[in-house]
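Me: I have a structure open and want to go through its packing. Can you take my questions as they come?

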Amino acid sequence: MPVEITLEMYAEKPVVMPFFTGHVARGLLLHFIKLVDPATSGLLHELDVSKPYSVTPLRFKSTSRNENGYVLDPQFSCKVGFRFLKDEYSTYLLSFFAKQNFALIFDTTFQIASMNINCKSYADLEKEAQAVDGLTLDFRTPTYFANLNSDYHWMFPDPVKVFCSLMRCWNKFSDEHHFSKEEYVAYKDWLQKNVGVSRYELQTRLSVMRKKKATGFIGTITYELGDKENPYNKITCMLAKYAEYANKGGNKTAAYGQTKLVMESIPLKHER
């Protein structure tokens, strides 16, 4: 069952945060789990393996900025989210906070003021999906997709790339219905024929994580969906909601590809 845990914290003093804090959030999560079960933390840190979690960047107000980042204002809360595609991993985080109500980020102690837990079973995601004429996704953090046989990333949320990758993620972590190889191929063909882009407002954004840099797109895109009688229409809506837990594209464990389903809409008809 997908689970999202959001923490609200207060710092004991001002601290300089990097311009992009996705890797900070990931390090925080893995540290929490390591203190409960080092083996599980190591498993989640393995390279080149699809991970059952994603994170959000730290969200906070700043008093100023310098060459190293933003100076966090300790008068206001700092929030961070951890998403798990298998609920068993969320129990490690809950076990940690049952014993400790603070976190250390760099050299600064953060007191945890509250915790919010949101979950939705795979069965409920499937059951609640409705056939729609269109939907809008908001890519809130830089997002990019792998581009086979190329040194360059794919920098546009093409519907086939977006929803096929979500279906593969669903298949890997769902404890309910799984799609067969034949269904996957048929769904890809359906997307190519029945889903198009009717509007978008996107821009590129460069994010720096220590010595690494990566560029991705952010912003909103509206997809027009046809063939409402076909089950793949509902499946597309289901996967769009699932994206809120899974993140999208590359480096999602460092807060890339954070996605929100902002509306199920009737988009402007594209020209044919």
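**Contacts and cores**

Reply: Starting with one residue: leaving aside neighbours within four places in sequence, Cys-169 is in contact with Leu-85, Tyr-242, Ala-246 and Lys-252. Keep in mind that this is a predicted model.

Me: Which helix is Cys-169 found in?
Reply: Cys-169 is part of helix H5.

Me: Buried or exposed, that Cys-169?
Reply: Buried, because its relative accessible area is 8% and the cut-off for buried is under 20%.

Me: And how many residues apart in sequence are Cys-169 and Ala-246?
Reply: The two are 77 residues apart in sequence, while their C-alpha atoms are 7.8 Å apart in space.

Me: OK, now the helices. At what angle do H5 and H7 pack?
Reply: The angle is about 70°, and the axes of H5 and H7 are 9 Å apart. H5 and H7 are therefore roughly perpendicular to each other, as angles of 65 to 115 degrees are classed that way.

Me: Which residues of H5 meet H7?
Reply: From H5 they are Phe-163, Leu-166, Met-167, Cys-169, Trp-170 and Phe-173. On the H7 side, the partners are Ile-235, Thr-236, Met-238, Leu-239, Ala-240, Tyr-242, Ala-243 and Ala-246.

Me: What does the contact of H5 with H7 look like by class?
Reply: It has 13 nonpolar residues, 1 polar and no charged ones.

Me: Switching to cores. How many residues does the largest nonpolar core have?
Reply: That core has 38 residues. Leu-135, Leu-137, Phe-163, Tyr-187, Tyr-223, Leu-239 and Tyr-242 have the most contacts inside it.

Me: Which elements supply at least two residues each?
Reply: Four helices and two strands do: H4 (122–128), H5 (159–173), H6 (181–194) and H7 (231–246), together with E9 (134–143) and E11 (212–225). H7 gives the largest share of this core, 10 residues.

Me: What about a second core?
Reply: A separate one has 36 residues, including Met-9, Phe-82, Phe-84 and Tyr-256.

Me: Next, H1 and H3. How do their axes cross?
Reply: The axes of H1 (residues 22–36) and H3 (residues 90–99) cross at roughly 75° and come within 9 Å. That makes H1 roughly perpendicular to H3.

Me: What residues meet there, H1 against H3?
Reply: H1 brings Leu-29, Phe-32, Ile-33, Leu-35 and Val-36, and H3 brings Tyr-92, Leu-93, Ser-95, Phe-96 and Phe-97. By class, this contact of H1 with H3 has 9 nonpolar residues, 1 polar and no charged ones.

Me: Which residues of H3 are buried?
Reply: Ser-90, Leu-93, Phe-96 and Phe-97. These are on the same side of H3, because they cover an arc of only 120° around the axis. Ala-98 and Lys-99, on the other side of H3, are exposed.

Me: And what do the buried residues of H3 pack against?
Reply: H1 and four strands: E1 (3–11), E6 (78–84), E7 (102–105) and E8 (108–119).

Me: Back to Tyr-92. How is it classed by accessibility?
Reply: Tyr-92, which lies in H3, counts as partly exposed because its relative accessibility is 22%.

Me: What does Tyr-92 touch, not counting residues up to four places away in sequence?
Reply: Ile-33, Val-36, Asp-37 and Thr-40. Of these, Asp-37 is 55 residues from Tyr-92 in sequence, and their C-alpha atoms are 7.5 Å apart in space.

Terms used: Residues numbered from 1 in each chain as written. Predicted model: local features only at pLDDT ≥ 70, side-chain atom pairs only at ≥ 80, totals over all residues. Heavy atoms only, no water. Axes fitted to C-alpha atoms, helices over the stretch in contact; angles between N-to-C directions. Parallel < 35°, antiparallel > 145°, perpendicular 65-115°, else oblique. Contact = heavy atoms within 4.5 Å. Nonpolar A, V, L, I, M, F, W, Y, C, P; charged D, E, K, R; others polar. Buried < 20%, exposed > 50% of the residue type's maximum accessible area, 1.4 Å probe, protein only. Arc of directions from axis to C-beta. Core = buried A, V, L, I, M, F, W, Y, C linked by side-chain atoms within 4.5 Å.
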